[in-house]
Amino acid sequence: MEFDWFAADVRGHVAQFMAAGDTGVPQAALASEELLEALHVWIDTRPETEPPNAPAGGFDEHLTPPQRRGAYVYDRVPEQSGLYRLVAAPRTPFTVAELPAHLRAYLGG
């Protein structure tokens with residue numbers, strides 16, 4: 001099953017993970033389907049603030065929309081449950097502090 005999930009690092013930078021059927025998704029990321037969708041929509045409706053930045057180039061450039069809006073983007077490594085690789089990195093990332101309160105709480109879990 002293809003879906004995306006989100007996490008934040010210790011500095012508050014937000015990352016979108018493309019699961020591509022991965023069964024090793026953290027339970028906290030799946031705590032609320034409603035909040036997962038709300039975070040997806042919040043990111044998808046932000047204005048793009050920078051050009052694509054896909055370190056590997058080529059195939060990965062189609063994965064850059066969240067990066068162009070300030071989120072890091074990771075894609076699942078095939079046949080490696082729980083292992084992801086960075087495919088797009090924002091030059092100016094947004095942080096959890098910029099999210100609405102209910103989404104901050106969701107990522108804080």
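# A first look at the strands, helices and cores

In this predicted model, R76 is buried, with a relative accessible area of 18%.

Me: Where is R76 found, and which residue has a backbone oxygen 3.1 Å from a polar atom of the R76 side chain?
Reply: R76 is found in strand β3, and, leaving aside residues up to four places away in sequence, R76 touches M18, A19, A20, G21, D22, S81, L83 and Y84. Among these contacts is the residue asked for, since the backbone oxygen lying 3.1 Å from a polar atom of the side chain of R76 belongs to A20.

Me: In what order do the 4 strands of the open sheet stand, and which of them are at the edges?
Reply: The open sheet has mixed pairing and the order β1-β2-β3-β4, and its neighbouring strands are turned by 30° against each other on average, direction ignored. Two of the strands have a single partner each, so one side of each is left without a neighbour in the sheet. These edge strands are β1 and β4.

Me: In which sense do β2 and β3 pair, and what is the bridge partner of F17 in β3?
Reply: The pairing of β2 with β3 runs over 4 bridges and is parallel. Where F17 has its bridge in β3, the partner is Y74.

Me: Is R85 buried, partly exposed or exposed?
Reply: R85 is found in strand β4, which covers residues 84-88, and, not counting residues up to four places away in sequence, R85 touches A56, D60, V73, Y74, D75 and V77. One of these, Y74, is 11 residues from R85 in sequence, while the two C-alpha atoms are 5.2 Å apart in space. The relative accessibility of R85 is 33%, and R85 therefore counts as partly exposed.

Me: What is the phi of E79, and is E79 buried or exposed?
Reply: E79 is found in the loop between β3 and β4, and although E79 is not a glycine, its phi is positive, at about 65°. The relative accessibility of E79 is 74%, so E79 counts as exposed.

Me: Which element supplies the largest share of the largest nonpolar core?
Reply: Of the 22 residues in this core, those that touch the most other members are W5, L39, I43, F94, L99 and L107. The elements that each supply at least two residues of this core are β1, β2, α1 and α3. The largest share, 4 residues, comes from α1.

Me: Which residues does a second, separate core include, and how many residues does that core have?
Reply: This second core is separate from the one just described, and its members include M18, L63, V73 and V87. Its size is 5 residues.

Me: At about what angle does α1 run to β1, and which residues does I43 touch?
Reply: Helix α1 lies across β1 and β2, and its direction is at about 80° to β1. Not counting residues up to four places away in sequence, I43 touches F6, V14, Q16, P66, R69 and F94.

Me: Why do the buried residues of α3 line one face of the helix, and which residues are exposed on the other side?
Reply: The buried residues of α3 are L103, Y106 and L107. Seen down the axis of α3, these residues fall within an arc of 90°, so they line one face of the helix. What covers them includes β1, β2 and α1. On the other side of α3, the exposed residues are A105 and G108.

Key. Residues numbered from 1 in each chain as written. Predicted model: local features only at pLDDT ≥ 70, side-chain atom pairs only at ≥ 80, totals over all residues. Heavy atoms only, no water. Core = buried A, V, L, I, M, F, W, Y, C linked by side-chain atoms within 4.5 Å. Buried < 20%, exposed > 50% of the residue type's maximum accessible area, 1.4 Å probe, protein only. Contact = heavy atoms within 4.5 Å. Arc of directions from axis to C-beta. Polar contact = N/O pair within 3.5 Å; in protein donor to acceptor, adjacent residues only side chain to side chain. Pairing = 2+ DSSP bridges. Axes fitted to C-alpha atoms, helices over the stretch in contact; angles between N-to-C directions.
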